[in-house]
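Work through the following exercises with the sequence and the coordinates side by side, and try each task before reading its solution.

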Amino acid sequence: MKALRTHAVGGPDTLTLDEVEVPQPAKGQVLVDVKACAINFPDTLMIRDLYQFKPERPYAPGGEIAGVIEAVGEGVEGWQVGDRVLAGIGNGGLAEKVCVPAARMFAVPEGVPFEKAASLMMTYGTTIHGLKDRGHIKEGDVLLVLGAAGGVGLSAVELGKAYGARVIAAVSSEEKGEVARKAGADEVVVYPKGEMDKAASKELANAFKAACGPEGANIVYDVVGGQYSEPALRAIAWEGRFLVVGFPAGIAKMPLNLTLLKSCDICGVFWGAFTAREPERFRAQVDELFDLLKTGRIDPLISETFPLERGGEAIAKLENRQAVGKLVVTMD
């Protein structure tokens, strides 16, 4: 079988398409014939050894897969050959077949394409946990989403609307703004791509305030970080919740006096740790996501698919912040 693997620290161009032996499922595992693997921001960090988890090389990146069970290991109950499944596996997904612990799998309902299934768990899983558990979202809230045209950002736009919020989408271009509007955003703010000075930062804060309204944003969903975080914090409502989700633009230095003036909270959203610490709540949220998918209230936008041999291109596109929605590698 083929696998796209990293052998040394480096960027997407260092990945090699290798011929490797088909793995055999150990006790408690199943062998999945991978049909689709979604690309996520941690994939860009892991191959450069910039992520908190550093798997032993060589390994295939790709932490979110969907496919069909090909073989069942000893002690596995409730699953059989031919079942359609999805799983979050951390890494190993950019391969034609992968062994997955049975406890980490979910059934893919009939009619849901593998590409959509593989795009659901990490982005929408992060966001449903962030908005409900950390942001305590309720109907009528104002939600400001930074990076609103990427996979995680679009999931926040869709889930925010599903939960009855008024959603402000912050994006880096008018084209991305149109994508966010189609996903349901009520208003769009376009922020500058280049370095901002103090005046530009203040101007962006004023644009956020104008879009959010006089009371400000009850929830800020920050997928971007860097120079964009402080202007968003300045637009937060009294007792608002600022959710730290990611920082591809860098780790922000936040003026903590603002948290006092707004009596607001800055909350981390560490979805991976949540899934390990709260497995039953995690499974309930995945079930809720499938219900929302089946009723059309969410619908992952897959802007581009790539064959396995071009998986490095997908990672590079995400790393360079050129992606809209989800990028997916397919094995067929």
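**Exercise 1.** Determine whether Arg166 is buried, partly exposed or exposed, and identify the residue with which Arg166 forms a salt bridge.

*Solution.* In this predicted model, Arg166 has a relative accessible area of 29%, and is therefore partly exposed, since that class lies between the 20% and 50% limits. The salt-bridge partner of Arg166 is Glu187, with the closest N and O atoms 2.5 Å apart. Arg166 belongs to strand β9 (residues 166-171) and Glu187 to strand β10, so the pair ties together parts that are 21 residues apart in sequence. Glu187, at 32% relative accessibility, also counts as partly exposed.

**Exercise 2.** Locate the elements that are tied together by the salt bridge between Asp186 and Lys161.

*Solution.* The side chains of Asp186 and Lys161 meet at 2.9 Å, N to O. Asp186 sits in the loop between α5 (174-182) and β10 (187-190), whereas Lys161 is part of helix α4 (residues 151-162), so this bridge links parts that are 25 residues apart in sequence. As for accessibility, Asp186 is partly exposed at 39%, and Lys161 is partly exposed at 32%. Over the whole structure, the search finds 21 salt bridges.

**Exercise 3.** Explain why Cys99 and Cys267 are not part of a disulfide.

*Solution.* Begin with the cut-off, which requires two cysteine sulfur atoms within 2.5 Å. For Cys99, the closest cysteine sulfur is that of Cys37, and at 15 Å it is too far for a bond. For Cys267, the closest is in Cys264, where the distance of 9.1 Å is again too far for a bond. Cys99 is buried at 18% relative accessibility, and Cys267 is buried at 10%. The search of the whole structure accordingly finds zero disulfides.

**Exercise 4.** Establish where the largest nonpolar core lies with respect to the two domains, and describe the contacts of Leu159.

*Solution.* The largest nonpolar core has 53 residues, of which Leu86, Leu131, Leu143, Leu159, Tyr221 and Ile298 touch the most other members. Domain 1 (2-119 + 300-330) and domain 2 (123-271) both contribute residues, so this core lies between them. When neighbours within four places in sequence are left aside, Leu159 is in contact with Tyr124, Thr127, Ile128, Leu131, Leu289, Leu292 and Ile298. Another core, of 33 residues, lies apart from the largest one and includes Leu15, Ile39, Met105 and Val329.

Key:
Residues are numbered from 1 along each chain as its sequence is written. This is a predicted model: local features need pLDDT of at least 70, side-chain atom pairs count only at pLDDT 80 or more; totals for chains, interfaces and linings use all residues. Side-chain values use heavy atoms; hydrogens and water are left out. Buried means under 20% relative accessible area, exposed over 50%, partly exposed in between (1.4 Å probe, protein chains only). A nonpolar core is a set of buried Ala, Val, Leu, Ile, Met, Phe, Trp, Tyr and Cys residues joined through side-chain atoms within 4.5 Å. Domain bounds come from an automatic or database domain assignment. Contact means heavy atoms within 4.5 Å. A salt bridge is a side-chain nitrogen of Lys or Arg within 4 Å of a carboxyl oxygen of Asp or Glu. Helices (H or I, at least four residues) and strands (E, at least two) are DSSP runs, numbered from the N terminus.
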